[in-house]
Each structure stands twice: as C-alpha cells, then as structure tokens.
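Here's a quick briefing to read alongside the model. Have the sequence and the 3D view open as you go.

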Amino acid sequence: MTSPFSGTPGGRPEPRLGIAFTLAGVDELTFTRILRDLMHDPAFRRPLQVQAEEPRPGHSARLTLAFFPADRELALNAMQRLKTLLLRYGVQVDSIVVPGEADN
C-alpha cells in the first residue's frame, strides 16, 4: 500500500496527477451509464480517484483518473480499461491528456 505522504519533505502529501478524458457528444444518460460501470469495475479502485464533470450545454463531459506518481502503472492500466468501456457506448474521446507524455 502506498502512503500519500511517502517521498515528500516535511510529510506533505504528494500531488495527484491526472489522466483527463474529454468526451465529445456524450449525453447525460450515457454519461450516467459510464459512471455506473466505472463504479463497479475493480480497475478504478483506490488509490485511483475518478473525477467527473457532466456534460453541459456548450461543454463536453470530462473524466479524470487522478493518481499519485507511485501509482502511474495502475492509472495507465485503468486508462486502457476506460477506453474499452467508452467503446462499449460508442463514445468518441475528443482528447486524452496524460501527464509526462508529449501532447499529440
């Protein structure tokens, strides 16, 4: 188990990183179904955290997988699982931003 205080001077918590998904054209019902699936899938268990922004007029839905740097591999595996879940619903991912990787 990874401590949120490991490797930081003075015992301060490590900052969380996040893999952000912008979901173009997702309606509220589909977004709710995706969140339901995420909540029941072990790939998204702690220490990962899922942050969700629902779709609003003029703004795409957004999902962020937040993680501590030590949990990067777990987060990358969860990212692949999320891509699979999104494909199940025919969702187009407008963009994915992964910390530490060059923007495409």
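Let's start in a loop: Pro 47 sits between α1 (28–39) and β2 (49–53). The peptide bond leading into Pro 47 from Arg 46 is cis, with omega near 15°. For context, most peptide bonds are trans. This is a predicted model, so to speak of local features pLDDT has to be at least 70, side-chain atom pairs count only at pLDDT 80 or more, and totals for chains, interfaces and linings use all residues. Numbering starts from 1 along each chain as its sequence is written, and side-chain values use heavy atoms, with hydrogens and water left out.

**Overall layout**

- The protein chain has two helices and four strands; helices (H or I, at least four residues) and strands (E, at least two) are DSSP runs, numbered from the N terminus.
- Going along the sequence, they come in the pattern β-α-β-β-α-β.
- Of the chain's 104 residues, 33% count as buried; buried means under 20% relative accessible area, exposed over 50%, and partly exposed in between (1.4 Å probe, protein chains only).
- About 6,700 Å² of the protein chain is exposed, and carbon and sulfur atoms supply 51% of that. These areas come from the Shrake-Rupley method with a 1.4 Å probe; for residues, only the protein chains shown count as cover.
- Looking at contacts (heavy atoms within 4.5 Å) with a separation of 6 or more, 70% are between residues 24 or more positions apart.

**The sheet**

- The four strands make an open sheet in the order β2-β3-β1-β4, with antiparallel pairing; two strands pair if DSSP finds at least two bridges between them.
- β2 and β4 (92–97) stand at the edges with a single partner strand each, so one side of each has no neighbour in the sheet.
- On average, neighbouring strands of this sheet are turned by 20° against each other, direction ignored.
- Strand β1 (residues 17–24) pairs with β4 in the antiparallel sense over five bridges.
- Want a spot to look at? Thr 22 stands opposite Ser 95 in β4.

**Helices across the sheet**

- α1 lies across β1, β2 and β3 (61–67), and runs at about 20° to β3. Axes are lines fitted to C-alpha atoms, for helices over the stretch in contact, and angles run from 0 to 180 degrees between N-to-C directions.
- Helix α2 (residues 72–88) lies across β1, β3 and β4, at about 10° to β1.

**Salt bridges**

- There are four salt bridges in the structure, each being a side-chain nitrogen of Lys or Arg within 4 Å of a carboxyl oxygen of Asp or Glu.
- One of them joins Asp 37 to Arg 88, with the closest N and O atoms 3.0 Å apart. Asp 37 is in helix α1 and Arg 88 in helix α2, so this pair ties together parts 51 residues apart in sequence. Asp 37 counts as buried at 14% relative accessibility.
- Asp 41 and Arg 81 form another, with the closest N and O atoms 2.6 Å apart. Asp 41 lies in the loop between α1 and β2 and Arg 81 in helix α2, so the pair links parts 40 residues apart in sequence. Asp 41 is buried at 13% relative accessibility, while Arg 81 is partly exposed at 29%.
- Arg 56 bridges to Glu 54, the closest N and O atoms being 2.9 Å apart. Arg 56 is exposed at 53%, and Glu 54 is partly exposed at 42%.
- Arg 36, Asp 37 and Arg 88 are joined into one network by salt bridges that share partners.
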